[in-house]
Amino acid sequence: APPLNTLDAAAALLAGGGILLEAVADAQLSRFRRDRGGRDSCAVGLWRWSRHPNYCGECTFWSGLLGFGFSSGAAQAEPLLAVGAPLMWLFFRAASVPLMDGRSQKRRRGYDVIMRAVSPLLLWPPRGELARSMPTLVQGHAD
């Protein structure tokens, strides 16, 4: 086997970071639901930066695996191996995110506000004036 290289290190950071991102997002959502209960929309922690940070973590993990595929030469030897990670990003963005957003719009107070202010998948700062008022709107205490 070839020695580990910089691409291996980057792939390990991506894969490990993706696992960590997904775990932190899931823990934050569980804590929010436990503390706040039922119908409020979560816009704290990572959930302020992405409507689906757990999905972002999953896709980041798969991107790390793709990095290992390129580093080892496997993706070059078998190009079909390289389509997995991009397909995961596409699947989550085109199928899972819209399905969960639709479900949340029906079930969660303030989710329409979150949809206008927060990135659907990637971690990205919330947008504009709406973002500054988002916590009070989401909690149902807007004036």
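What covers the buried residues of α1? Keep that in mind as you click along; the answer comes at the second stop.

**Before you start**

What you have open is a predicted model, where local features need pLDDT of at least 70 and side-chain atom pairs count only at pLDDT 80 or more, while totals for chains, interfaces and linings use all residues. Residues are numbered from 1 along each chain as its sequence is written, and side-chain values use heavy atoms, with hydrogens and water left out.

**Stop 1: the whole chain**

Show everything as a cartoon. You'll find 6 helices and 0 strands, and reading along the sequence gives α-α-α-α-α-α. (Helices are DSSP runs of H or I with at least four residues, strands are runs of E with at least two, and both are numbered from the N terminus.) Of the 143 residues, 37% count as buried. Here "buried" means under 20% relative accessible area, "exposed" means over 50%, and "partly exposed" is in between, using a 1.4 Å probe and protein chains only.

Now switch on the surface. The protein exposes about 8300 Å², and carbon and sulfur atoms supply 66% of that. (These areas come from the Shrake-Rupley method with a 1.4 Å probe; for residues, only the protein chains shown count as cover.)

How about contacts, meaning heavy atoms within 4.5 Å? Among contacts in the protein with a separation of 6 or more, 69% are between residues 24 or more positions apart.

**Stop 2: helix α1**

Select residues 6-36, which make up helix α1. Its 31 residues should span 45 Å at 1.5 Å a residue, and the end C-alpha atoms are 44 Å apart, which agrees. (The expected span is 1.5 Å times one less than the number of residues.)

Color the buried residues of α1, among them Ala-11, Ala-15, Gly-18, Leu-21, Ala-25 and Phe-32. A handy bit of background: an α-helix has 3.6 residues a turn, so residues three or four places apart point the same way. And the opening question? The cover over the buried residues of α1 includes α2.

Next, pick Leu-13 in α1. Is Leu-13 buried or exposed? Leu-13 counts as exposed, because its relative accessibility is 67%. Measure from its C-alpha to the one of Gly-67: the two are 54 residues apart along the chain, and their separation is 10.0 Å.

**Stop 3: helix α2**

Select residues 53-72 for α2. This helix has 20 residues and reaches 29 Å from first C-alpha to last, close to the 28 Å expected at 1.5 Å a residue. Zoom in on Asn-54, which is found in α2. Asn-54 has 14% relative accessibility, so it counts as buried. Leaving aside residues up to four places away in sequence, Asn-54 touches Glu-22, Ala-25, Asp-26 and Trp-47. Just after α2, look for Gly-73, which takes a positive phi of about 90 degrees.

**Stop 4: helix α4**

Jump to residues 84-107, helix α4, whose 24 residues should span 34 Å at 1.5 Å a residue; the end C-alpha atoms are 32 Å apart, which agrees. Where does α4 bend? Look at Phe-92, where the bend is about 35 degrees. (That is the angle between axes fitted to the seven residues ending there and the seven starting there.)

Phe-92 is also one of the buried residues of α4, along with Ala-85, Ser-96, Val-97, Asp-101 and Ser-104. Their cover includes α2 and α5 (111-117).

Now go back to the surface view and find Leu-87, which sits in α4. Leu-87 joins Leu-80, Val-83 and Leu-90 in a nonpolar surface patch of about 400 Å². (Patch members have over 30% relative accessible area and no salt bridge; like charges are joined within 9 Å, and nonpolar side chains, meaning Val, Leu, Ile, Met, Phe, Trp and Tyr, within 5 Å.)

**Stop 5: salt bridges**

Side chains of opposite charge can pair when their charged atoms come close. A salt bridge here is a side-chain nitrogen of Lys or Arg within 4 Å of a carboxyl oxygen of Asp or Glu, and the structure holds 5 of them.

Show Asp-40 as sticks. With 7% relative accessibility, Asp-40 counts as buried. Arg-109 forms a salt bridge with Asp-40, the closest N and O atoms being 2.6 Å apart. This pair links distant parts of the chain: Arg-109 lies in the loop between α4 and α5, Asp-40 in the loop between α1 and α2, 69 residues apart. Arg-36 also meets Asp-40 in a salt bridge, at 2.6 Å from N to O. Together, Arg-36, Asp-40 and Arg-109 are linked in a network of salt bridges.

Terms used: Contact means heavy atoms within 4.5 Å.
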